[in-house]
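Please open the model in your viewer, colour it by secondary structure, and follow the stops below in order.

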Amino acid sequence: MKLIKLPGVLGLTAKSRSTHYHEIKIGLMPPPVRLGEQSVAWVESEILAINAARISGQSDEQIKQLVKKLVSDRKELCGVAA
């Protein structure tokens, strides 16, 4: 599992920082993983899965469901109840 910082995420999505954080707020992108007190990163495979969903023409509602599943899977992988 590879973690990437914000510049890498923005490079993969071709979106601005403000758009990226807005999409997290409305459920179209997964939240970051906290690495430390002032450091976060994103799971690269999650970003790639969302890009694939966009490319395949999925709707925003379908992508919101995908984000929920990705976050749930992340918690299960780490042994945290969803």
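Begin by selecting V40, which has its place in strand β3, and bear in mind throughout that the model is predicted. If you display the surroundings of V40 and leave aside the neighbours within four places in sequence, you will find that V40 is in contact with K5, P32, V33, R34 and L35. Of these residues, R34 is the one to keep highlighted for the next stop, since R34 stands opposite V40 in β3. For a longer-range reference, add T19 to the selection: the C-alpha atoms of V40 and T19 lie 17 Å apart in space, and the two residues are 21 apart in sequence.

**The sheet**

Next, select strand β2, residues 33-36, together with β3, and note that the two strands pair in the antiparallel sense over 3 bridges. Besides the position of R34 opposite V40, look for G36, whose bridge partner in β3 is S39. Following the backbone from β2 onward, you will pass through a hairpin that joins β2 to β3 through 2 residues.

Now bring in strand β1, residues 3-4, which pairs with β3, residues 39-43, also in the antiparallel sense, here over 2 bridges. To locate this pairing, select I4 and then W42, the bridge partner of I4 in β3. With the three selections shown together, you have an open sheet of 3 strands in the order β1-β3-β2, with antiparallel pairing. The edge strands are β1 and β2, each of which pairs on one side only. Keeping the sheet in view, add helix α3, which packs on the sheet and touches β1 and β3, with a direction that makes about 50 degrees with that of β3.

**From α3 to α4**

With α3 (residues 44-55) still selected, add helix α4 (residues 60-77), and you will see that the axes of the two helices come within 10 Å and cross at roughly 160 degrees. That angle makes α3 roughly antiparallel to α4, and the crossing in which α3 passes α4 is right-handed. To display the contact itself, show the side chains of E46, A49, I50, A53 and R54 on α3, and those of D60, I63, L66, V67, L70 and R74 on α4. Colouring these residues of the α3 and α4 contact by class will give 7 nonpolar, no polar and 4 charged.

**From α3 back to α1**

Hide α4 for the moment and select α1 alongside α3; these helices pack at an angle of about 20 degrees, with their axes 10 Å apart. That makes α1 roughly parallel to α3, and the crossing of α1 and α3 is right-handed. On α1 the contact is made by V9, L12 and T13, while on α3 the residues to show are E44, I47, L48 and N51. By class, this contact of α1 with α3 has 4 nonpolar, 2 polar and 1 charged residues.

**From α1 to α2**

How do the axes of α1 and α2 cross? Select helix α1, residues 6-13, and helix α2, residues 17-25, and turn the view until both axes can be followed: they come within 10 Å and cross at roughly 90 degrees. The two helices, α1 and α2, are therefore roughly perpendicular to each other. The contact is made by L6, V9 and L10 of α1 and by R17, H20 and Y21 of α2, and it divides by class into 4 nonpolar, 1 polar and 1 charged residues. V9 deserves a second look here, as V9 takes part in the contact of α1 with α2 and also in the contact of α1 with α3.

**The whole chain**

Finally, restore the full model and trace the protein chain from the N terminus, along which the elements run β-α-α-β-β-α-α, for a total of 4 helices and 3 strands. The radius of gyration of the protein chain is 12 Å, close to the 12 Å that the globule rule gives for 82 residues, so the chain is as compact as a globular protein of that length. If you orient the view along the principal axes, the C-alpha atoms fill a box of roughly 35 × 25 × 20 Å.

Notes. Residues numbered from 1 in each chain as written. Predicted model: local features only at pLDDT ≥ 70, side-chain atom pairs only at ≥ 80, totals over all residues. Heavy atoms only, no water. Axes fitted to C-alpha atoms, helices over the stretch in contact; angles between N-to-C directions. Parallel < 35°, antiparallel > 145°, perpendicular 65-115°, else oblique. Left-handed = near helix turned anticlockwise from the far one by under 90°. Contact = heavy atoms within 4.5 Å. Nonpolar A, V, L, I, M, F, W, Y, C, P; charged D, E, K, R; others polar. Pairing = 2+ DSSP bridges. Rg over C-alpha atoms; globule rule 2.2 N^0.38 Å.
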